[in-house]
Amino acid sequence: MKKGNLKSTNHFLIIGAGLVGTNLGILLSERGEKVTIVEKRTKEELLKSENQRTINLTLSLRGLKSLRESGVIDILHKKILPVRGRKIHVNQKINTYFYEANNSKYVYAVKRSDLHSSLIKKAEGKNIKIIYGAECNDINSYLTVANFKKDGKLTTEKGDFIIGCDGIN
């Protein structure tokens, strides 16, 4: 990410501590930016929900590049497995399809929960403020502020930029 006309240090307010929001926060922090991530779920709910979702994700070279840049690949490298193709079961027959004829190209599989816990661990080790259990109620994009409800109380967070990474919930 090139800074262009941005200030020397900007405050990025990221709404959502899922895979994308957490990795983005790490990448921005690596570039010297101030980062606050606000998540609706508690930390326990966030990590528990990952064990109830998709078991595996596949990562392409772009995904690996992003994890390399954020330094998360160093934590995850023993938990990533190469996947050279796929098997499709049709009428009691198994058909195998490789991604490349010479079997030289592949994607990587990783447990979603391993990836997410590694991202959270890395983010918490950086100078990133993570606020758990705060539901976003309103955003004023002109003033770059967001209002949250946490523990029954309304709070406000301000940033130079607000980025929504809140998934589908």
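Here are three short exercises with worked solutions on this predicted model.

**Exercise 1: two helices**

Find out how helices α1 and α3 are oriented to each other, and which residues bring them into contact.

*Solution.*

Step 1. Locate the helices: α1 covers residues 19-30, and α3 covers residues 61-70.

Step 2. Look at the geometry. The two axes lie 9 Å apart, and the packing angle is about 50 degrees.

Step 3. Classify the angle. Angles under 35 degrees count as roughly parallel, and 65 to 115 as roughly perpendicular. The angle here is about 50 degrees, and α1 and α3 are therefore oblique to each other.

Step 4. Add the hand of the crossing, which is left-handed for α1 and α3.

Step 5. List the residues that touch. From α1 come Asn23, Ile26, Leu27 and Glu30, and they meet Ser66, Leu67, Glu69 and Ser70 of α3.

Step 6. Sort these residues by class: the contact has three nonpolar, three polar and two charged residues.

**Exercise 2: an aromatic pair**

Search the whole structure for aromatic pairs and describe what you find.

*Solution.*

Step 1. The search of the whole structure gives one pair. Its members are Phe12 and Phe161.

Step 2. Recall that a pair of aromatic rings is described by the distance of the centres and the angle of the planes.

Step 3. Apply this to the two rings: their centres are 5.0 Å apart, with 15 degrees between the planes. Planes under 30 degrees apart count as stacked, so Phe12 and Phe161 form a stacked pair.

Step 4. Place the partners along the chain. Phe12 belongs to strand β1 (residues 11-15), and Phe161 belongs to strand β12 (residues 161-164). The pair links distant parts of the chain, as its members are 149 residues apart.

Step 5. Check the surroundings of each partner. Buried means under 20% relative accessible area. Phe12 has 5% relative accessibility, so Phe12 counts as buried. Phe161, at 32%, counts as partly exposed.

**Exercise 3: positive phi in a loop**

Examine Asn91 and Gln92, and say where they lie, what their phi values are and whether they are buried or exposed.

*Solution.*

Step 1. Find the place: Asn91 sits in the loop between β5 (85-90) and β6 (93-98). Gln92 also lies in the loop between β5 and β6.

Step 2. Read the backbone angles. Asn91 is not a glycine, yet its phi is positive, at about 50 degrees. Gln92, another residue other than glycine, has a positive phi near 65 degrees.

Step 3. Judge the accessibility. Exposed means over 50% relative accessible area. Asn91 has 73%, so Asn91 is exposed. Gln92, with 86% relative accessibility, counts as exposed too.

Key: Residues are numbered from 1 along each chain as its sequence is written. This is a predicted model: local features need pLDDT of at least 70, side-chain atom pairs count only at pLDDT 80 or more; totals for chains, interfaces and linings use all residues. Side-chain values use heavy atoms; hydrogens and water are left out. Axes are lines fitted to C-alpha atoms, for helices over the stretch in contact, and angles run from 0 to 180 degrees between N-to-C directions. Helices (H or I, at least four residues) and strands (E, at least two) are DSSP runs, numbered from the N terminus. Angles under 35 degrees count as roughly parallel, over 145 as roughly antiparallel, 65 to 115 as roughly perpendicular and the rest as oblique. A crossing is left-handed if the near helix is turned anticlockwise from the far one by less than a right angle, and right-handed if clockwise. Contact means heavy atoms within 4.5 Å. Ala, Val, Leu, Ile, Met, Phe, Trp, Tyr, Cys and Pro count as nonpolar, Asp, Glu, Lys and Arg as charged, and the others, Gly among them, as polar. Rings of Phe, Tyr and Trp (its six-membered ring) pair if their centres lie within 6.5 Å; planes under 30 degrees apart count as stacked, over 60 as edge-to-face and the rest as tilted. Buried means under 20% relative accessible area, exposed over 50%, partly exposed in between (1.4 Å probe, protein chains only).
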